[in-house]
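Colleague: Please pick one part of this model and look at it closely, then work outwards from there. I want to know what surrounds it and which parts of the prediction deserve caution.

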Amino acid sequence: LSPLDFDRWNLECEFNNTDHRTDLNGVDRLIVRRGQPFSISLYLRSGSFQPGVSSLDCIAETGPQPSEQYGTRASFGLSAHIDTSRWSAAVASPPGDTVALSICCAPDAPIGRYTLTLGRSARIEFILLFNPWCPAFQEKYAVYMDNEQNLAEYVLSQDGLIFRGNYKHPIPTPWNFGQFESGILDICLRILDMNPKCLRNPGKDHSGRRNPIYVSRVLSAMVNCNDDKGVLLGKWTDGYEGGVSPMFWRGSLEILRNWDTQACEPVRYGQCWVFAAVACSVSRALGIPCRVVTNYLSAHDTNSNLVIERYVNENGELIQSREMIWNYHCWVESWMTRPDLKPDFNGWQASDPTPQEKSEGVYCCGPIPVRAIKEGELTFKYDAPFVFAEVNADVLTFMRKQDGSTSKVTTTTLVGQKISTKSVGSDAREDITHLYKYPEGSDEEREAFTKANHQNKLLQQQQNQGLHIAIKVSPDMRKGCDFDVFAVVTNNTQSEKKCRLVFGSCAVSYTGVLGGNCGFKDLLNVELAPGGERRVPLRLNYSKYGDLVTEDNLVRLAALLIDYSSREAIMAVRNIVLENPEIKVRILGEPKENRKLAAELTLQNPLPETLDNCCFSIEGANLTGGRVISERLGSTVGPGEDAKVKIYFTPNHSGLRKLVVDFDSNKLCHVKGYRNVIIGK
């Protein structure tokens, strides 16, 4: 055999990156996906390629200690045809002085930076990513998805919506994932390199990168900084000195770049939707299909008994404990096979990068098949009991009296409601609760609970058939307004009832941490005729709640009814979200690639006080050059007046893009908005 003698080569980056759908990362270097051939042109110094006669030794290596045993080194020569099931090379051109060399990486090769040595002449660098287009779904470590629209959403889309607010009123928050912006892929690979498993045993860690289960578990630990040089530091209480409020962020770019430039010091601060959004950006960048999901009324069960025990005082005020019901909680789902489990558990896997409880000694959670949660398979890896409790835990409420005694309070508390994610190809909310749980009260639900050793909720929450209490709200609850909320008490018994009604409100964070009192009523003598109903209003005034509510804009309403004859206590609790004003976005100019545009941004001040230090900011993948563009107002904005600016930007890529907008001021903080813009060529 005669080795090919060449002195020049062309990596054909533009062709290969486009073919492998990595061109949004740029075409200045080679970035390819597993299990799919790519082409290199070799320019021969002498002779020509002769089938069966010409030879070429190829060696592909990744990581600091490449070895064939770990799968981080592969040696292969020329074959007659490309074999997509393993590392292979073949010539795809007729005999001549230019050789079109086709190379395919194994579909289960570790992802990351590679050096490819061709004969004695060439050392080629390239980056290898997971390939969700590679139909080798029977392969052990696959992320294959067979739907182009899903792939466009869950791998290629650089922007999206994350649902916040509350379960009665889900509010979409725009987010710029920006996974293909300049430098982001290198930062994602650095996150893998900085993980403690890699620092302890780099050879084994690089070998593990063939497996999306391993990679997504590493990411769930590395997006928080609790045990390692992770990306974000979480903070849920007491101000944000030394950093910025989690509400400040509009996307993942600034967070990832700050971490990278600050020598892997954690970025301050994140909360659940920020952790989840950053994990989603990194997963998509590496080629794992990923989406952010929101679980409304999410239980945080610290002792794995699937029961949240809540205590209130005699005014119905919650006594804080570590076991909480979060107003909402966000995590991510990633799409992959689970060869370590039974065959039916491929597909969406939940993992949670928010540091809540330790798993195998580290603050991480998942991946666990979403189907395993639905079926009550709590022995499956990883962290099934914690996620199962988040969507299914029972809530028991007790009243702690001044004399130290406790008594049970009858209340209906829902957990795991309206589990939500952005719809494929549109800004609608998709409800995916049915993927996590069977319909309440169904035989399948009972079966799943039995398997999970979880008592049936229906047995635990026997409703009081006699007295009933509910909280009703006004349709218009805008920040800055005064409005009424109502406790509605009904007597379903045949006898007259005398009761005490305590109706209170307080600011609350989305994780359930209570703030100051926003309004309170204590009626000692509520009389109800048989079948009678009473509607008790509580006025919420901006002058009282304005300085108490957090950036979450949430108020907790609690109505406690005590029946004097039976001493029984019944309670209703409801969180309400105060609506921020809308930011109106007008695009001035014809939206075209590389043409300067202006966004005219307007927000009307809804507060009965003046806004100062007003600032608008915009960012968007392929719209603002990978940066945030801000514009401060030179003057204050009085009640009812408009804050208005023009911000100029130059899009660099055609297609449907999301311009993410933020307004900040001394009294109205981090109001979000967005506008979809179609950029022409």
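Modeller: Helices (H or I, at least four residues) and strands (E, at least two) are DSSP runs, numbered from the N terminus, and contact means heavy atoms within 4.5 Å. This is a predicted model, in which local features need pLDDT of at least 70 and side-chain atom pairs count only at pLDDT 80 or more, while totals for chains, interfaces and linings use all residues. Residues are numbered from 1 along each chain as its sequence is written, and side-chain values use heavy atoms, with hydrogens and water left out.

The part I chose is helix H7, residues 253–261. Its buried residues are Leu253, Ile255, Leu256 and Trp259, where buried means under 20% relative accessible area, exposed means over 50%, and partly exposed is in between (1.4 Å probe, protein chains only). The cover over these residues comes from elements spread along the chain, including strand E14 (169–176), helix H3 (184–193) and strand E15 (232–234). Strand E16 (267–270), helix H8 (272–286) and strand E36 (615–619) are also among them. After H7 comes Ala263, with a positive phi near 55°.

Two of the covering elements lead on to other regions. E16 and H8 bring us to residues 264–355, which UniProt, in an unreviewed entry, labels "domain: Transglutaminase-like". UniProt positions are given in the numbering used here, feature names are shortened, and annotations may be inferred rather than shown by experiment. That span is 16% helix and 45% strand, and its end C-alpha atoms lie 18 Å apart.

E36 leads to Thr624, in the loop between E36 and strand E37 (629–632). Thr624 has 4% relative accessibility and so counts as buried. Its side chain reaches the backbone nitrogen of Gly620 at 3.2 Å. Beyond four places in sequence, Thr624 contacts Ile618, Glu619, Ile629, Phe649 and Leu659.

Another buried threonine is Thr115, in strand E11 (residues 112–118), with a relative accessibility of 13%. Its side chain makes a polar contact with that of Glu125 at 3.3 Å. A polar contact is a pair of N or O atoms within 3.5 Å; within protein, one must be able to donate a hydrogen and the other to accept it, and residues adjacent in sequence count only if both atoms are side-chain atoms. Glu61 is 54 residues from Thr115 along the chain, yet their C-alpha atoms are separated by 5.4 Å. With residues up to four places away left out, Thr115 touches Ile59, Ala60, Glu61, Arg123, Ile124 and Glu125.

The UniProt annotation "binding site", also from an unreviewed entry, covers Asn392, Asp394, Glu440 and Glu445. These residues span 54 places in sequence, but no two of their C-alpha atoms are more than 13.9 Å apart, so they gather at one spot. Glu440 is in the loop between helix H11 (433–436) and helix H12 (443–451), and at 48% relative accessibility it is partly exposed. Glu445 is in H12 and is buried, at 4%. Outside its neighbours within four places, Glu445 contacts Tyr438, Pro439 and Glu440.

There is also an open sheet of eight strands with mixed pairing, in the order E19-E18-E23-E24-E33-E32-E29-E30. Its edges are E19 (318–319) and E30 (514–528), each pairing on one side only; two strands pair if DSSP finds at least two bridges between them. E30 runs antiparallel to E29 (residues 497–508), and 10 bridges join the two. Leu501 stands opposite Leu523 in E30.

As for cysteines, the structure holds zero disulfides, a disulfide being a pair of cysteine sulfur atoms within 2.5 Å. For Cys134, the nearest cysteine sulfur is that of Cys104, 7.5 Å away; Cys134 is buried at 12%. The sulfur of Cys506 has its closest cysteine sulfur in Cys518, at 6.6 Å, which is too far for a bond. Cys506 is buried as well, with a relative accessible area of 11%.

On caution: pLDDT is the predictor's confidence in each residue, from 0 to 100. The protein averages 94, and 98% of the residues score at least 70. Residues 455–464 stay under 50, and for them the model has 27 contacts beyond four places in sequence.
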